[in-house]
Amino acid sequence: MESCIINSPLGYTKITGDIDGVASITVLNSKETPTDIIPIELEDCVIQLNEYFEGSRKQFDLKLNPQGTEFQKKVWKQLEQIPYNKTLSYLELSKQLGDVKAIRAVANANGKNPLWIVVPCHRVIGTDGSLTGYAGGLHRKQWLLQHESPYKQQSLF
């Protein structure tokens, strides 16, 4: 398994994967040294993440290979269907997966998503529109949703 660390607007990010696809993209809560030479298997991922942060990419086109249970993979696959700049509640996501009673299991699988940003778990919010739990921290979730919004917050100063 190859890995690299890149710097992003939200902190240092570790990417792992191999010829079978990207296995994980994780934001780190510590200062790391970015990788000098990106493994060829991860180059597309690094390029596409940089394009996303620059604002020129709204959809990812990567070979993914996350590790998880069949149920988790089913939830993660459904997360990929949430369009850029759109949000969905955990309840709506559960309904799309065919079982409204599975809302807690869906929320748990969402929280275990190993592919930060590429599988957009940040686009899942509370039924009341609130920003609920996010493994990367709510400040990052808010940043990502604002980054994707066509309505940019203007500074007063």
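Visitor: At what angle do the axes of helix 2 (residues 70–79) and helix 4 cross?
Guide: The model is a predicted one. Two packed helices are described by the angle between their axes and the distance between the axes. For helix 2 and helix 4, the axes come within 9 Å, and the crossing angle is roughly 80 degrees.

Visitor: Is helix 2 roughly parallel or roughly perpendicular to helix 4?
Guide: The two axes cross at roughly 80 degrees. Angles from 65 to 115 degrees count as roughly perpendicular. Helix 2 is therefore, relative to helix 4, roughly perpendicular.

Visitor: Which residues in helix 4 are met by residues in helix 2?
Guide: Helix 4 covers residues 103–111. From helix 2, the residues in contact are F71, Q72, V75, W76 and L79. Their counterparts in helix 4 are A105, V106, A109 and N110.

Visitor: How far apart are the C-alpha atoms of A107 and I15?
Guide: A107 belongs to helix 4 and is partly exposed, at 29% relative accessibility. I15 pairs with I25 in strand 3. Along the chain A107 and I15 are 92 residues apart, and their C-alpha atoms are separated by 23 Å.

Visitor: Where does UniProt place the feature "active site"?
Guide: The annotation comes from an unreviewed UniProt entry. The residue it marks is in the loop between helix 4 and strand 5 (124–125). That residue is C121.

Visitor: Is C121 buried or exposed?
Guide: Its contacts, leaving out residues up to four places away in sequence, are L79, N110, N113, Y134 and K141. Of these, L79 and N110 also take part in the meeting of helix 2 with helix 4. The relative accessible area of C121 is 8%. Buried means under 20%, so C121 counts as buried.

Visitor: What is the phi of I117?
Guide: Most residues other than glycine have a negative phi. I117, in the loop between helix 4 and strand 5, is buried at 1% relative accessibility. I117 is not a glycine, yet its phi is positive, near 70 degrees.

Visitor: In which loop does N85 lie?
Guide: N85 is not a glycine but has a positive phi of about 70 degrees. With a relative accessible area of 31%, N85 is partly exposed. Its place is the loop between helix 2 and strand 4 (88–89).

Visitor: How many bridges join strand 1 to strand 2?
Guide: Strand 1 (2–8) and strand 2 (11–18) are joined by a hairpin through two residues. One bridge pair is S3 with T16 in strand 2. The strands run antiparallel, and the number of bridges is seven.

Visitor: In strand 3, what is the bridge partner of T13?
Guide: Strand 2 also pairs with strand 3, antiparallel and over six bridges. A hairpin through two residues joins strand 2 to strand 3. Two of the bridge pairs can be named: I15 has I25 as its partner, and the partner of T13 is V27.

Visitor: How many of the eight residues of strand 2 are buried?
Guide: Strand 2 pairs with strand 1 and with strand 3. In strand 3, six of the seven residues are buried, so strand 3 is largely enclosed by the rest of the structure. Strand 2 is likewise largely enclosed, because its buried residues number six.

Visitor: How far apart are the end C-alpha atoms of helix 1 (residues 43–54)?
Guide: Helix 1 has twelve residues, and at 1.5 Å a residue they should span 16 Å. The value from the model agrees with this: 17 Å.

Visitor: Against which elements do the buried residues of helix 1 pack?
Guide: The buried residues of helix 1 are C45, V46, Q48, L49, Y52 and F53. In an α-helix, residues three or four places apart point the same way, because there are 3.6 residues a turn. The packing partners of these buried residues are strand 1, strand 2, strand 3 and helix 5 (138–148).

Visitor: What phi does G55 take?
Guide: G55 comes just after helix 1. Being positive, its phi has the sign also found at N85. For G55 the value is about 95 degrees.

Visitor: How far apart are the end C-alpha atoms of residues 6–65?
Guide: An unreviewed UniProt entry places the feature "domain: Methylguanine DNA methyltransferase ribonuclease-like" at residues 6–65. The span is 20% helix and 30% strand. Its end C-alpha atoms are separated by 20 Å.

Conventions: Residues numbered from 1 in each chain as written. Predicted model: local features only at pLDDT ≥ 70, side-chain atom pairs only at ≥ 80, totals over all residues. Heavy atoms only, no water. UniProt positions renumbered as here; feature names shortened; annotations may be inferred. Helix = DSSP H or I, 4+ residues; strand = E, 2+ residues; numbered from the N terminus. Expected span 1.5 Å × (residues − 1). Buried < 20%, exposed > 50% of the residue type's maximum accessible area, 1.4 Å probe, protein only. Contact = heavy atoms within 4.5 Å. Pairing = 2+ DSSP bridges. Axes fitted to C-alpha atoms, helices over the stretch in contact; angles between N-to-C directions. Parallel < 35°, antiparallel > 145°, perpendicular 65-115°, else oblique.
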